[in-house]
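Student: Please choose one part of this model and examine it closely, then work outward from there to whatever surrounds it. I would like each term defined with its cut-offs as it comes up.

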Amino acid sequence: MPAGMSFDQMVRVPFILRMITRIHAPGNTMSQYYGLGITPRGGTQQIIGNAGQYDIFDGTRSLSTFSAKGAPPTRLNRKQIGTVPITVPRQYNSIGLEDDKMFGVRGLGQPFSQPTATFNKAYFTRQIQYAKQRMNNTHEFMTAHMFRGGWTVVPYGSVAGSPLLFPGELGASGAIYTNSTQVPASHRDDLDAVLGGTQTPWDDPQANIIKQLMALQVIAARENGRRITDIWLNGNTAAYLFTNSVIQAVGGSVYKIFDTLNPATEIGPNQEFPDTGVTVVFRGLPDYKFHIYNQGYVTPGTSESFSAQTDTANWNYFIPDDYAIFTPPPGDWCEMVQGSEPMQWNLLERQSQVIFGFGMGTERAIEPPRTDVKMLDNSAPVITEPYAVYYIKVMNY
C-alpha cells in the first residue's frame, strides 16, 4: 500500500450524490425588464461598425402666436437640431475544451462506472454557460450604469495599450473612452438638489415620500413628459419604506403597508432562480412599482475562487446603498444598439460573415485536440431620452 494512503482511499469508490453549485449567477433582472439583454426585446438599432450617432430633434412646449385679420403669416425660426455619439463596446471571448478532459470520465454529478469512449457533454455545456454568463453579467452592468450616467472602458491593471479591457465606473481614471448616456447631472444628485429645498431622507420614518414623488412628477412633466412609475433600490435602502409613517397613514393604519408584494420572477439565461428581491406596490403609493434588487458583480480581475467571488471586499451592488433609480415604464425611451463586424469562426468556413450584436461559433484545433467555442458581442443599451430617468441619493446625504 502506498505511503500516506488509507485502505478506503485505495479500494473504495466514493458514492456521488449529485452536483452542487455553491454560488449562483446574479441573473439579468433589470436588463430583461427593459428588454436590454444580449438577445434584446423591443427596440433595436443596428449600425455598421461600433461607432454611431443619434440625431436630436426635440418637441416644443411653446405656444403659437395669434395674428390680426389679414396679417401675413408669422415666420418661425427653424427648430435647432443636435447629435450625440455612441460607441458600442466589444466582447469577444473563447473557451477551450480539450477532448481529453471529456473522454472516459464520469458525468458531473453522476456516480462512477466503467470508463467509456463517450464525451462528457454536461461538462462541455457548463463551461459554455459559464462563458456566456460573464457576458450577460456585463450587460447587466451596462444597464444599471446607464441610469447612473454611463460607464467607462478601462485597460486591465491600468496598463496603457493593454488589449484586455474592463468595464469601469463613470469617471474612472485611465479610461480609454467613456460611454456617456447623457443623463444630466441634475438628475444624478441627492433629493435636495433634484427636488429643491430641504428634503427629509428616506431613513427618517417621517419622510414625506408621497410629496417627494409628486414633486418629481411635476419636474418630469416639465423636463421630459413621461410619468415615473418604476423605482429600483436594494434591500438595505428599501427596508426603510416599510416603516414609513406617511405611507402607512395614507394606506390606512389598520391595513398592511403594502398592497402587493411579489417575489422577483425574471429568470435569465443560465439562472436557476430569480433574484432574492421583490416588487412591491404600497397601499399609499398605488401608482409605483418598487423593485427591490439585491444583485451585483465582483470587481473586474477578481479570482474565480469561491472565497473571492463571495468576499464583501470584491462585491459591488448594481444599485448602491442609499440610491434609487426612477424610470418610466419600459418603452421606446431606451433601446439596444447592436454594432457589427465581419467574423470567420474557423478556416472551414469559406468566407467571413457580418455579425450584428451577439454571435457564437466554434473552431477545431490540435495538439491537444480541442474545440474552441467563441462568443462575440457588439452591443450596448442606450437611453434615447436621458431626461426621462433619475438616479437619486435618497439617504445619507
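Tutor: Val-153 stands opposite Tyr-177 in S7, and this pair belongs to the antiparallel pairing of strand S5 (residues 150-155) with S7, which is made through 4 bridges. Here helices (H or I, at least four residues) and strands (E, at least two) are DSSP runs numbered from the N terminus, and two strands pair if DSSP finds at least two bridges between them. This is a predicted model, in which local features need pLDDT of at least 70 and side-chain atom pairs count only at pLDDT 80 or more, while totals for chains, interfaces and linings use all residues. Residues are numbered from 1 along each chain as its sequence is written, and side-chain values use heavy atoms, with hydrogens and water left out.

The wider setting of the pair is an open sheet of 3 strands in the order S6-S5-S7, paired antiparallel. Its edges are strand S6 (165-168) and strand S7 (177-180), each of which pairs on one side only. On average, and with direction ignored, neighbouring strands of this sheet are turned by 25° against each other. Helix H3 (residues 121-146) packs on the sheet, where it touches S5 and S6, and its direction makes about 135° with that of S5. Contact here means heavy atoms within 4.5 Å, and the axes are lines fitted to C-alpha atoms, for helices over the stretch in contact, with angles running from 0 to 180 degrees between N-to-C directions.

Strand S8 (230-233) offers another piece of strand pairing. S8 pairs with S11 in the parallel sense over 4 bridges, with Ile-231 opposite Phe-290 in S11, whereas its pairing with S14 is antiparallel, over 3 bridges, and there Asp-230 has Thr-327 as its bridge partner. In a regular strand the side chains alternate between the two faces of the sheet. In S8, Asp-230 and Trp-232 point one way and Ile-231 and Leu-233 the other, and all are buried, where buried means under 20% relative accessible area, exposed over 50%, and partly exposed in between (1.4 Å probe, protein chains only).

S8 also leads into the largest nonpolar core, since it is one of the elements that give two or more residues to that core, as are strand S11 (285-292) and strand S14 (323-327). A nonpolar core is a set of buried Ala, Val, Leu, Ile, Met, Phe, Trp, Tyr and Cys residues joined through side-chain atoms within 4.5 Å. This one has 31 residues, of which Trp-202, Leu-285, Phe-290, Phe-326 and Tyr-390 touch the most other members. Its largest share, 6 residues, comes from H5. Setting aside neighbours within four places in sequence, Trp-202 has contacts that include Leu-191, Ile-209, Leu-233 and Phe-326. Another core, of 25 residues, lies apart from it, and Ala-144, Val-183, Ile-325 and Ile-383 are among its members.

Turning to charged groups, the count comes to 10 salt bridges, a salt bridge being a side-chain nitrogen of Lys or Arg within 4 Å of a carboxyl oxygen of Asp or Glu. In one of them, Arg-226 meets Glu-385 with the closest N and O atoms 2.7 Å apart. Arg-226 lies in the loop between H5 and S8 and Glu-385 in the loop between strand S18 (370-383) and S19, so the pair ties together parts that are 159 residues apart in sequence. Arg-226 is partly exposed at 27% relative accessible area, as is Glu-385 at 23%, and the two are linked with Asp-332 in a network of salt bridges. Glu-363 and Lys-374 form a salt bridge as well, with the closest N and O atoms 2.6 Å apart; Glu-363 is in strand S17 (residues 353-365) and Lys-374 in strand S18, so this pair joins parts 11 residues apart in sequence. Glu-363 counts as partly exposed at 22%, whereas Lys-374 is buried at 12%.

Finally, Asn-314 lies in the loop between helix H8 (306-310) and strand S13 (315-317) and is buried, with a relative accessible area of 19%. Beyond residues up to four places away in sequence, Asn-314 touches Tyr-297, Val-298, Thr-299, Thr-302 and Ala-308, and its side chain reaches the backbone oxygen of Ala-308 at 2.9 Å.

Notes
A polar contact is a pair of N or O atoms within 3.5 Å; within protein, one must be able to donate a hydrogen and the other to accept it, and residues adjacent in sequence count only if both atoms are side-chain atoms.
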